[in-house]
Amino acid sequence: MADQNPRIIVEKNPSQARLDELKFKSWPKWGCSPGKYHLKYEAEEICYIVRGKVKVYPKPPSSLSSSSDAEVEWCVEFGAGDIVTFPKGLSCTWDVSLSVDKHYIFLSS
């Protein structure tokens with residue numbers, strides 16, 4: 001059975017070689033102030049967090065929304081210096097506690 005719960009991958013303290021491989025400085029930039037933002041990823045995204053602090057609360061897939069496990073809220077935390085990969089199809093809420101600046105790229109499938 002396919003994975004019903006898309007995973008957010010956080011790379012903490014990536015090496016300079018990894019950063020050079022990504023060439024993230026050529027990617028577009030995006031930023032936001034503290035607050036809550038509801039997002040849906042239509043494509044896989046990789047981003048490098050330049051500054052800020054975020055907790056992301058993934059929304060369970062609709063196929064799981066009736067199970068009691070879906071009631072357990074969990075989050076993924078990341079911040080400045082992290083590389084984060086968001087899977088295509090993910091719906092989530094960003095809870096930004098420190099203003100975010102990031103470089104990002106969407107990957108085509």
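# A guided tour of the fold, its cores and its contacts

Start with the cartoon view: the protein has 1 helix and 7 strands, where helices (H or I, at least four residues) and strands (E, at least two) are DSSP runs numbered from the N terminus. This is a predicted model, in which local features need pLDDT of at least 70, side-chain atom pairs count only at pLDDT 80 or more, and totals for chains, interfaces and linings use all residues. Residues are numbered from 1 along each chain as its sequence is written, and side-chain values use heavy atoms, with hydrogens and water left out.

**The whole chain**

Trace the chain from the N terminus and the elements come in the order β-α-β-β-β-β-β-β. Now colour by accessibility: 35% of the 109 residues count as buried (under 20% relative accessible area; exposed is over 50%, and partly exposed lies in between, with a 1.4 Å probe and protein chains only). If you switch on the surface, about 6900 Å² is exposed, and carbon and sulfur atoms supply 52% of it; these areas come from the Shrake-Rupley method with a 1.4 Å probe, and for residues only the protein chains shown count as cover. A contact map is worth a look too: among contacts with a separation of 6 or more, 87% join residues 24 or more positions apart (a contact means heavy atoms within 4.5 Å).

**The nonpolar cores**

Next, select I8, V54, V56, F78, V84, F86 and W94. These have the most contacts inside the largest nonpolar core, which has 17 residues. A nonpolar core here is a set of buried Ala, Val, Leu, Ile, Met, Phe, Trp, Tyr and Cys residues joined through side-chain atoms within 4.5 Å. Two or more residues each come from β4 (44–58), β5 (76–79), β6 (83–86) and β7 (91–107), and β7 gives the most, with 5 residues. Apart from this core lies another, of 7 residues, including L19, L22, I46 and Y48.

Centre on F86 and show its surroundings. Leaving aside neighbours within four places in sequence, F86 is in contact with I8, Y41, A43, E44, E45, C47, V56, F78 and W94.

**A glutamate in β4**

From F86, step across to E45, found in strand β4. Is E45 buried or exposed? E45 counts as buried, because its relative accessibility is 3%. Show its side chain and you will find a polar contact with the side chain of K102 (2.5 Å). Such a contact is a pair of N or O atoms within 3.5 Å; within protein, one must be able to donate a hydrogen and the other to accept it, and residues adjacent in sequence count only if both atoms are side-chain atoms. Beyond four places in sequence, E45 is in contact with V84, T85, F86, K102, Y104, I105 and F106.

**The aromatic rings**

Select W30, Y41, F78, F86 and W94 together: they form one aromatic cluster. Rings of Phe, Tyr and Trp (its six-membered ring) pair if their centres lie within 6.5 Å, and planes under 30 degrees apart count as stacked, over 60 as edge-to-face and the rest as tilted. By this rule there are 7 aromatic pairs. Zoom in on W30 and W94: their ring centres are 5.9 Å apart and their planes stand at 85°, so the pair is edge-to-face. This pair links distant parts of the chain, with W30 in strand β2 (residues 29–32) and W94 in strand β7, 64 residues apart. W94 is buried at 0% relative accessibility, whereas W30 is partly exposed at 33%.

**The salt bridges**

The structure holds 5 salt bridges, each a side-chain nitrogen of Lys or Arg within 4 Å of a carboxyl oxygen of Asp or Glu. Pick R18 and look both ways: its side chain meets E11 in a salt bridge (2.9 Å, N to O) and E21 in another (3.3 Å, N to O). R18 and E21 are 3 residues apart in helix α1, so about one helical turn separates them.

Then move to R51 and D101, whose side chains meet in a salt bridge (2.5 Å, N to O). This pair links R51 in strand β4 with D101 in strand β7, 50 residues apart. Also in β7 is L98, whose C-alpha atom is separated from that of R51 by 8.0 Å.

**Two loop residues**

Finish with N13, in the loop between β1 (9–11) and α1 (16–22), and K23, in the loop between α1 and β2. Neither is a glycine, but N13 has a positive phi of about 50° and K23 one of about 55°. N13 is exposed, with a relative accessible area of 71%, and K23 is exposed at 60%.
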